[in-house]
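This report describes a single protein chain, helix by helix where that helps, and then turns to its core and its pocket. Please keep the sequence and the structure in view while reading.

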Amino acid sequence: MTYKNMSGIHVWQRNRVENSASLVKRAIDLLLSGRLKISLTTIVLASKSVDPAGKGVSASTILRNRQCHALYKKHATLSDSSQKKRTIPGSELSDPTASELRRAYLLASKSKTALIAKVILLERELENCEIQNINLREKILSLQLPHL
């Protein structure tokens, strides 16, 4: 594609991002005016009522779009126990991608026992990968070194 064609795509994408942010802001304003709880679910529902097209904004868009996510985090009203589960420490996950952020929120909703089991399984898998890596390195060295 030529740069001229790409510029139209960039404008279209920028408009989508700005439109999503605008819908999220209006949805949050509506919820605040009604003194309602601010959560992903309530923002998604409220965004449908403020969107002239009636489509609204999905939860994944709110998490993916930096502007939408910032608005959500600023106004979210989570209970203490929920806040503990949903908080992702910044020092633990520096500059997360949108995919990592969605994954972190998914993992935050799991029980401690389920997370422990997942960590142990991942450690086992890592150990197996390291053993395979060592075996492959030995194989490569045996092929490269002259046989005596």
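In helix α6, the residues L101, A104, Y105 and A108 are buried. They cover an arc of only 95 degrees around the helix axis, which puts them on the same side of α6. An α-helix has 3.6 residues a turn, so residues that are three or four places apart point the same way. These statements, like those that follow, rest on a predicted model.

A comparable arrangement can be described for helix α4, which spans residues 66-75 and in which C68, H69 and Y72 are buried. Viewed down the axis of α4, the buried residues fall within an arc of 95 degrees, so they line one face of the helix. On the other side of α4, R66 and K74 are exposed. At the start of this helix, a side-chain oxygen of N65 comes to within 2.9 Å of the backbone nitrogen of Q67.

As for the chain as a whole, its secondary structure comes to seven helices and zero strands, and buried residues make up 20% of its 148 residues.

Which residues have the most contacts inside the largest nonpolar core? They are V24, I43 and I62, in a core that has 19 residues. The elements that give two or more residues to this core are α1, α2 (40-50), α3, α4 and α6 (98-108), and α1 gives the most, with six residues.

Helix α1 also holds L31, and L31 counts as buried because its relative accessible area is 5%, where buried means under 20%. Between L31 and S47 there are 9.8 Å in space, C-alpha to C-alpha, although the two are 16 residues apart in sequence.

The loop between α1 and α2 contains R35, whose phi is near 55 degrees, a positive value in a residue other than glycine. R35 counts as exposed because its relative accessibility is 79%, and exposed means over 50%. The two residues for which an accessibility is given are set side by side here.

| Residue | Place | Relative accessible area |
|---|---|---|
| L31 | helix α1 | 5%, buried |
| R35 | loop between α1 and α2 | 79%, exposed |

The last topic is the empty space at the protein. Rolling a probe the size of a water molecule over the atoms shows where empty space is left. In this model, the largest pocket holds about 280 Å³ of space. Its lining consists of 14 residues, of which R16, V17, S20, T61 and R64 lie nearest the centre of the pocket. The elements that give two or more residues to this lining are α1 (3-33) and α3 (59-64), and the largest share, six residues, comes from α1. How many residues of each class does the lining of the largest pocket have? By class, this lining has three nonpolar, seven polar and four charged residues.

Helix α1 thus appears in both descriptions, giving the most residues to the largest nonpolar core and the largest share of the lining of the largest pocket.

Definitions and conventions
Residues numbered from 1 in each chain as written. Predicted model: local features only at pLDDT ≥ 70, side-chain atom pairs only at ≥ 80, totals over all residues. Heavy atoms only, no water. Buried < 20%, exposed > 50% of the residue type's maximum accessible area, 1.4 Å probe, protein only. Helix = DSSP H or I, 4+ residues; strand = E, 2+ residues; numbered from the N terminus. Arc of directions from axis to C-beta. Polar contact = N/O pair within 3.5 Å; in protein donor to acceptor, adjacent residues only side chain to side chain. 1 Å grid on protein atoms, 1.4 Å probe; cavity = no way out; pocket = protein on both sides within 12 Å on 5 of 7 lines; lining within 4 Å. Points joined across faces, edges and corners; volume = space filled by probe spheres on them. Nonpolar A, V, L, I, M, F, W, Y, C, P; charged D, E, K, R; others polar. Core = buried A, V, L, I, M, F, W, Y, C linked by side-chain atoms within 4.5 Å.
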